[in-house]
Amino acid sequence: MLKEMGRTSQAVLIILYVFMTVKAFEMEIIPANRIVKQIGETLRLTCNTTGCASPRFSWRTQMDNPLGGTVNNYRTYSTLTMNPVSTVNSHDYLCTVFCGEKEKKEKSVKVEIYSFPRDPVIEISPSLAAAEPVTVTCKILDVYPSHYLEVLLKKEDHVLLEKNFYEDESTNTENKTVTYSFNPTAEDIGKEFTCVAKLPIPNMDFELKERVTSERLTANFGPQNTVITASPGNWPMEGDTLNLTCVTESNPPAQIVWRKHLADESIQLLTENNVLSIPDAHFNDSGLYICEVTNLVTNKTEKAAVDIVVRGAPDITELSVEPSTTVREGENVSIRCSAEGNPSPRMILRRKSDGADMGPYSEGRILLPSVTLLNGGDYECVAENKFGKSRSEITLNVEYGPKNTMISVIPATAVKEGETVIMKCTSSGNPAPVISWKKKKTTGEPEKVYTDATLIIKNIKSQDLGLYECEAYNQFGKEAKDVKLLVQERLEKPDQMIALIIAFSSVTAVAVPAVAILIYVSRKTKINGSYSLVKALGLKV
């Protein structure tokens with residue numbers, strides 16, 4: 001009994017330990033407090049869980065508006081990313097987590113949005129020299145929510161105008177303008193006019209709630225003393241970022257227009273900023289750049305110019321074959337290579353197999369009238385200046401009909417019966433010719449056709465003699481060569497051999513004395529000056 005009670009107590013303790021160590025199902029949203037973000041920033045909300053092995057997540061706004069972001073679910077947490085934040089993200093966001101079929105938890109966080117990105121812009125016009133009323137304009141750009149905006153316009157410490165926009169019902173960023181007109185006096189020249197813009201959104205904590213811009217009232221003049229500065233200089237390297245800055249003296253600020261003189265004498269309009277930026281400068285960015293500044297109040301215009309030369313290693317812009325990289329023999333071919341670089345590159349266009357110092361080569365162009373198979377191959381273009389070298393290759397493929405068809409016979413065209421004859425046919429062409437053999441009858445018609453470049457006749461017989469024709473052909477033509485095969489019969493019977501030996505011996509018996517007599521007569525003739533064969537033989541005539 002005591003043992004049973006002890007075991008029961010141990011089991012209870014184990015259950016209590018497991019219950020205490022297993023965490024309860026909980027969730028949280030990070031960040032958890034009220035969130036304030038400016039339009040254009042990035043916001044990521046994280047819904048995190050503990051105590052649930054396989055949670056399911058759901059995001060929504062309290063008014064069931066679009067989320068305005070991207071949801072990504074992971075094993076124990078889910079994220080809602082708003083990039084960039086816009087006015088559509090001004091909501092209470094709720095994250096709901098389901099654990100199993102019954103457990104569910106939900107939390108929310110409030111996201112508040114504003115836009116107050118830059119200081120006000122002050123414009124004072126027209127020129128005092130015009131003896132007209134002056135208008136001071138204060139512009140507040142990209143503000144949200146505009147119904148909290150308050151604007152003060154001051155001259156020195158004196159408030160000229162106060163304005164708010166409480167009645168606005170903005171749903172997006174807006175530009176707001178406040179103007180004040182007055183008749184200036186001589187004392188007003190040099191006075192500082194200040195625009196103060198405030199965005200005091202209740203209960204919203206963000207860094208900057210007030211922006212200020214000041215401008216002094218001066219007489220209109222200019223433009224004058226207009227200059228252009230080039231960075232990194234007037235001779236940038238290819239790939240550099242080229243910045244051209246136009247600076248002028250003008251009141252009010254002059255309008256700036258950049259133009260470029262093109263090779264055909266036309267003028268290209270580039271930009272209307274005082275800085276012209278050319279990232280990754282290229283050779284075709286070289287040229288004459290003009291900065292034109294205009295003061296619309298004084299109605300005056302001034303120009304400044306700078307000549308930019310982009311330097312760098314050559315770049316091959318074209319390597320082409322006309323009419324095509326694959327041509328028929330006899331066509332006219334032009335191979336052209338173009339490159340750009342500064343200084344102007346030295347160019348060589350040549351066939352690679354001809355070697356570095358051999359032709360044909362050209363300063364950018366090769367003309368091949370009536371090409372032959374010898375003109376085919378790889379051509380390379382090399383462009384070089386003091387900053388480097390560029391190289392490119394192209395292949396010219398010359399197609400032609402079969403040529404130089406040849407037949408070789410092993411061991412010979414005249415063989416004995418029983419031997420093996422190997423007849424091989426070779427031919428050049430592009431595409432490679434197809435080779436076949438024909439044995440011709442006495443009428444000239446083909447007797448047999450063999451579709452192989454090598455014809456092997458084993459254990460040759462007399463009926464194998466005759467005229468054989470090798471034909472090489474492709475889509476551009478054909479060429480044929482003939483060979484006549486002669487077969488010598490073997491002397492296999494003994495009686496034939498005996499008759500041949502007797503005949504040879506008889507001829508020898510007659511021929512040897514006759515030759516001796518002729519030699520003797522010849523010698524006597526040399527000694528006596530003449531010789532009589534009748535006297536020598538003692539014959540009577």
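This is a short walk through the disulfides, the aromatic rings and one buried threonine in this structure.

Okay, one thing up front: we're looking at a predicted model, so please hear every number today as computed from that model.

Let's start with the disulfides. How many does the structure hold? Six. If you number the bonded cysteines in sequence order, the pairing reads 1-3, 2-4, 5-6, 7-8, 9-10, 11-12. I'll pick out three of the links.

Take Cys47 and Cys95. Their sulfur atoms sit 2.0 Å apart, and the link is left-handed, with -95° about the S-S bond. Cys47 belongs to strand β3, residues 43-50, while Cys95 belongs to strand β7, residues 92-99, so this bond ties together parts that are 48 residues apart in sequence. Are these two cysteines buried or exposed? Cys47 comes out buried, at a relative accessible area of 0%, and Cys95 is buried as well, also at 0%.

Next up, Cys138 and Cys195. Here the sulfurs are 1.7 Å apart. The torsion about the S-S bond is about -70°, so that's a left-handed disulfide. Cys138 is in strand β10, residues 134-143, and Cys195 is in strand β14, so parts 57 residues apart in sequence get tied together. Both Cys138 and Cys195 are buried.

Further along the chain we get to Cys425 and Cys470, with their sulfur atoms 1.7 Å apart. The link is left-handed, at -65° about the S-S bond. It joins distant parts of the chain, with Cys425 in strand β32, residues 421-430, and Cys470 in strand β36, residues 466-474, 45 residues apart. Cys425 and Cys470 are buried too.

Right, on to the rings. We count three aromatic pairs. One of them is Tyr74 with Tyr77, which is stacked: 4.7 Å between centres and 25° between the planes. Neither ring's residue is buried here: Tyr74 is partly exposed at 42% relative accessible area, and Tyr77 is partly exposed at 33%.

Now have a look at Phe182 and Phe193. The ring centres are 5.5 Å apart and the planes meet at 25°, so this pair is stacked. Where do the two residues sit? Phe182 is in strand β13, residues 174-182, and Phe193 is in strand β14, residues 192-198, which puts them 11 residues apart. Both of these phenylalanines are buried. Strand β14, by the way, is also where we found Cys195. Add Tyr180, and you have one aromatic cluster of Tyr180, Phe182 and Phe193.

Phe182 has a charge for company, too. The charged end of Lys155 sits over its ring, 5.9 Å from the centre. There's another such arrangement with an arginine: the charged end of Arg211 sits over the ring of Phe116, at 5.6 Å from the ring centre.

Last stop, Thr79. You'll find Thr79 in strand β6, residues 77-82, and Tyr77 from our stacked pair falls in that stretch as well. Thr79 is buried, with a relative accessible area of 7%; the cut-off for buried is under 20%. And what does Thr79 touch, leaving out residues up to four places away in sequence? Its contacts are Arg44, Leu45, Thr46, Trp59, Thr70, Val71, Asn72 and Tyr74. So we're back at Tyr74, the other ring of that stacked tyrosine pair.

That's my tour. Happy to rotate the model if anyone wants another look.

Note on methods. Residues numbered from 1 in each chain as written. Predicted model: local features only at pLDDT ≥ 70, side-chain atom pairs only at ≥ 80, totals over all residues. Heavy atoms only, no water. Phe/Tyr/Trp six-rings, centres within 6.5 Å; stacked < 30°, edge-to-face > 60°. Buried < 20%, exposed > 50% of the residue type's maximum accessible area, 1.4 Å probe, protein only. Helix = DSSP H or I, 4+ residues; strand = E, 2+ residues; numbered from the N terminus. Lys NZ or Arg CZ within 6 Å of the ring centre and 35° of its normal. Contact = heavy atoms within 4.5 Å. Disulfide = S-S within 2.5 Å.
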